[in-house]
Amino acid sequence: MNHLAPLLLPWFAGNKRDLPWRRDREPYHVWLSEIMLQQTRVEAVRGYYSRFLQALPDIASLAEAPEDLLLKLWEGLGYYSRARNLQKAARIIRELHGGSFPRDYAAIRALPGIGDYTAGAISSICFDAPRAAVDGNVLRVLSRYRADHGDISLPQTKKAAARALEAVYPPEQCGDFTQALMELGATVCLPNGAPLCESCPLKARCRAKALGCQRELPVKAPKKPRKSRARTVLILLLGEKIALCRRPETGLLAGLWQLPDTEGSLSAREALELAERWGLHPTQLLQMQEKRHVFTHVTWEMRGYYIRCSAEGELSWFDRSLLQTQIGLPTAYRQFLDTFIV
Ligand code: SF4
């Protein structure tokens with residue numbers, strides 16, 4: 001482990017990617033990027049990151065942002081609780097920490113939406129504290145470097161990795177060390193059995209490479225298969241308006257806007273009858289489209305009926321242009337509007 005920092009730091013200095021959130025060590029920027037990067041690829045995050053900062057340039061503006069604006073800025077990134085937690089944390093920073101991001105690890109870790117990984121990333125990158133940030137990339141590097149066959153889906157494997165790393169954090173270069181580990185996992189020690197060992201600064205010391213077992217590592221218990229659920233979505237049109245409703249306050253996509261839907265796979269006649277029961281007086285069935293959306297634990301197999309109506313019923317109606325510019329709609333539903341041309 002003592003060789004890690006001396007090998008990684010010079011490599012990182014010469015090979016790091018130019019990423020917008022690496023241009024300074026401002027905690028708000030590092031925090032926002034780390035939250036966005038959870039479950040999302042770097043290339044996808046770039047645009048979101050700059051749009052978000054343009055609209056909400058600091059913690060104070062995030063704390064005060066209207067929810068619709070916040071969710072619109074997050075639209076398409078998924079896992080919307082991340083956006084809500086960002087705002088909750090910004091409000092706590094305003095109220096408990098005078099508007100300045102806390103420096104103390106325990107205070108950072110106590111903020112909503114911040115787990116061990118993000119707290120370690122912010123502490124080391126922004127405040128040069130010897131705190132590890134262990135995500136899937138870093139676990140993969142370490143499993144291979146040490147030829148460790150521990151199951152990386154177990155919390156104890158993650159904790160042991162963090163302890164082992166924290167013992168070798170280089171003083172005054174903690175942020176670079178954290179980022180070098182992440183960078184190596186993202187660009188060289190790649191997942192799915194295909195590490196680029198010949199380009200790796202660790203190759204002379206890597207036990208998995210020496211033993212020829214890189215492709216077997218890391219060990220990860222197989223995930224339970226995702227459940228599949230059928231849903232029927234109604235895209236209801238009244239002139240230039242489209243109907244939306246709010247999702248329940250708990251569960252998947254809690255509290256967000258959605259196109260009205262129901263469980264199961266309805267026939268066209270059943271869909272029209274449902275619209276009638278909702279008091280919408282359907283006048284014309286325009287088309288049907290089938291879509292799929294994959295969440296972490298469930299896949300929705302969706303059938304969408306586009307129906308013209310002549311009454312508003314109990315739903316909320318939005319102008320199509322407003323829906324594009326101001327209302328955040330989860331991708332599962334948004335995809336029905338993106339492919340719809342009258
Ligand atoms: S030598 Fe290969 S397996 Fe070992 S850390 Fe480098 S890329 Fe990963």
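The following paragraphs lead through the ligand site, the internal spaces, the salt bridges and the unusual backbone positions of this structure. The model is a predicted one.

The ligand is a suitable starting point. Its surroundings consist of Arg144, Cys189, Pro195, Cys197, Cys200, Lys203, Cys206, Lys209 and Gln214. Sorted by class, this shell holds 5 nonpolar, 1 polar and 3 charged residues. Cysteine counts as nonpolar in this sorting, and Cys189, Cys197, Cys200 and Cys206 are among the residues around the ligand. The charged members of the shell are Arg144, Lys203 and Lys209, while Gln214 is the polar one.

The ligand occupies the largest cavity. This cavity encloses about 120 Å³ of space, and its lining comprises 15 residues. Nearest to the centre of the cavity lie Arg144, Cys189, Cys197, Cys200 and Cys206; these five names also appear in the shell around the ligand. Helix α9, which spans residues 136-145, supplies the largest share of the lining, with 3 residues. By class, the lining of the largest cavity contains 11 nonpolar, 1 polar and 3 charged residues.

The structure has 2 cavities of 30 Å³ or more. The second largest cavity has a volume of about 30 Å³. Its walls are formed by Asp68, Leu71, Arg246, Leu256, Trp257, Gln326, Ile327 and Gly328. This lining divides into 4 nonpolar, 2 polar and 2 charged residues. Asp68 and Arg246 make up the charged part, and Gln326 and Gly328 the polar part.

Attention may now pass from the cavities to an open site. The second largest pocket contains about 290 Å³ of space. Of the 13 residues in its lining, Tyr105, Asp116, Lys158, Lys159 and Ala162 are nearest the centre. Two elements, α8 (116-127) and α10 (155-166), each give two or more residues to this lining. The greatest contribution is that of α10, with 6 residues. Nonpolar and charged residues are represented by 6 each in the lining of this pocket, and 1 residue is polar.

Charged side chains also lead to the next topic. Side chains of opposite charge can pair when their charged atoms come close. Over the whole structure, 19 salt bridges are found. One of them joins the side chains of Arg334 and Glu75, with an N to O distance of 2.5 Å. Arg334 belongs to helix α15 (residues 331-338) and Glu75 to the loop between α5 (67-74) and α6 (81-96), so this pair ties together parts that lie 259 residues apart in sequence. Arg334 is buried, at a relative accessible area of 6%, and Glu75 is likewise buried, at 17%.

Other salt bridges join partners that are not buried. Glu95 pairs with Arg94, and their closest N and O atoms are 3.1 Å apart. Here Glu95 is exposed, with a relative accessible area of 56%, whereas Arg94 is partly exposed, at 34%. A further bridge links the side chains of Glu273 and Arg269 at 3.4 Å, N to O. Both residues lie in helix α13 (residues 268-277), where a spacing of 4 residues separates them by about one helical turn. Glu273 is partly exposed, at 37% relative accessibility, and Arg269 is exposed, at 64%. In addition, salt bridges with shared partners connect Arg17, Arg22 and Glu183 into one network.

The backbone itself presents several further points. The peptide bond that leads from Leu217 to Pro218 is cis, its omega being near 0°. Pro218 is located in the loop between α12 (207-211) and β1 (227-238).

Positive phi values also occur at residues other than glycine. Tyr79 has a positive phi of about 50°. This residue is placed in the loop between α5 and α6, the loop that also holds Glu75 of the salt bridge with Arg334. Tyr79 is partly exposed, with a relative accessibility of 36%. Leu253 has a positive phi as well, near 55°. Its position is in the loop between β2 (241-246) and β3 (257-258). At 12% relative accessibility, Leu253 is buried.

Terms used. Residues numbered from 1 in each chain as written. Predicted model: local features only at pLDDT ≥ 70, side-chain atom pairs only at ≥ 80, totals over all residues. Heavy atoms only, no water. Near = heavy atom within 4 Å. 1 Å grid on protein atoms, 1.4 Å probe; cavity = no way out; pocket = protein on both sides within 12 Å on 5 of 7 lines; lining within 4 Å. Sits in = over half its atoms within 2 Å of the grid points. Points joined across faces, edges and corners; volume = space filled by probe spheres on them. Salt bridge = Lys/Arg side-chain N within 4 Å of Asp/Glu carboxyl O. Buried < 20%, exposed > 50% of the residue type's maximum accessible area, 1.4 Å probe, protein only.
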